[in-house]
Amino acid sequence: FVFLIPAIDRNSIPLVRVFENIGKRSYGIYLTHLIVLDLLLVGIHAVTSNLLNHPIIYFPILFILGLSIPLALMKLLSRFPTKRIYRYVFG
């Protein structure tokens with residue numbers, strides 16, 4: 001598969017810019033993902049503990065929020081004067 005990557009046309013991949021953005025920030029997502037998931041689990045359990053019984057609903061919510069919250073935090077911290085903290089939190 002690695003040898004086939006140069007043969008794939010970049011424009012034929014749908015949402016290529018979104019995947020590139022996620023790929024550029026993957027280390028920051030890796031560093032903050034566990035913290036975000038733990039906070040989401042506690043928050044969801046506090047609000048509705050019944051949702052834990054329905055993983056078909058629960059897992060997509062965790063996936064979407066577990067990816068979008070670190071990306072939003074990275075975008076937010078990179079714009080404010082707290083840029084110095086960005087590299088310590090997100091690598």
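Which residues make a nonpolar surface patch of about 730 Å²? In this predicted model, the patch is put together by F1, I5, I8, I13, L15, V18 and F19. Before going through those residues one by one, it helps to look at the overall fold.

The protein chain has four helices and zero strands, so read from the N terminus the elements simply go α-α-α-α, as the helix assignment is made on DSSP runs. The chain is not packed like a ball. For 91 residues, a compact globule would come out with a radius of gyration near 12 Å, while the protein chain has 17 Å. Along the principal axes, the C-alpha trace spans about 50 × 40 × 20 Å. Buried residues account for 19% of the 91 residues. The exposed surface of the chain comes to about 7,400 Å², and carbon and sulfur atoms supply 72% of that area. As for how the chain contacts itself, take the contacts between residues at least 6 apart in sequence: 55% of them join residues at least 24 apart.

Now for the interior. In soluble globular proteins, nonpolar side chains tend to be buried together. Here the largest nonpolar core has seven residues, namely V36, L37, L40, I44, L51, Y58 and L62. Two helices, α2 (26-47) and α3 (55-79), each supply at least two residues of this core, and α2 gives the most to it, with four residues. One of the core residues, L37, touches L62 and G66 once residues up to four places away in sequence are set aside. There is also a second, separate core of five residues, which includes I29, M74, Y86 and F90.

T32 is worth a stop on the way. This threonine has its place in helix α2. Is T32 buried or exposed? With a relative accessible area of 9%, T32 is buried, because that value falls under the 20% cut-off. Leaving out residues up to four places away in sequence, T32 touches P70, V89 and F90. F90 also turns up in the second core.

Back to the N-terminal part and the surface patch. Several patch residues sit ahead of the first helix: I8 is in the segment before α1, I13 is found in the segment before α1 (16-24), and L15 lies in that segment too. How open they are can be read from their accessibilities. I13 counts as partly exposed at 37% relative accessibility, and I8 is partly exposed as well, with a relative accessible area of 41%. L15, at 60%, is exposed, because the value is over 50%. I8 can also be placed relative to a residue of α3: I8 and F59 are 51 residues apart in sequence, and their C-alpha atoms are 31 Å apart in space.

L15 has a backbone quirk on top of its exposure. Most residues other than glycine have a negative phi. L15, a residue other than glycine, has a positive phi, near 60°.

The same stretch of chain carries the charged pairs. How many salt bridges does the count come to? The count comes to two. In one of them, the side chains of R10 and E20 meet with an N to O distance of 2.4 Å. This pair links distant parts of the chain, with R10 in the segment before α1 and E20 in helix α1, ten residues apart. Both partners are partly exposed: R10 has a relative accessible area of 35%, and E20 sits at 31% relative accessibility.

The other salt bridge runs between E20 and R17, with the closest N and O atoms 3.6 Å apart. E20 and R17 are three residues apart in helix α1, so about one helical turn separates them. R17 is exposed, at a relative accessible area of 59%. Through shared partners, the salt bridges join R10, R17 and E20 into one network.

How values were computed
Residues numbered from 1 in each chain as written. Predicted model: local features only at pLDDT ≥ 70, side-chain atom pairs only at ≥ 80, totals over all residues. Heavy atoms only, no water. Core = buried A, V, L, I, M, F, W, Y, C linked by side-chain atoms within 4.5 Å. Buried < 20%, exposed > 50% of the residue type's maximum accessible area, 1.4 Å probe, protein only. Contact = heavy atoms within 4.5 Å. Patch = residues over 30% accessible without salt bridge, like charges linked within 9 Å, V, L, I, M, F, W, Y side chains within 5 Å. Areas by Shrake-Rupley, 256 points an atom, 1.4 Å probe, with all protein chains shown as cover. Salt bridge = Lys/Arg side-chain N within 4 Å of Asp/Glu carboxyl O. Rg over C-alpha atoms; globule rule 2.2 N^0.38 Å.
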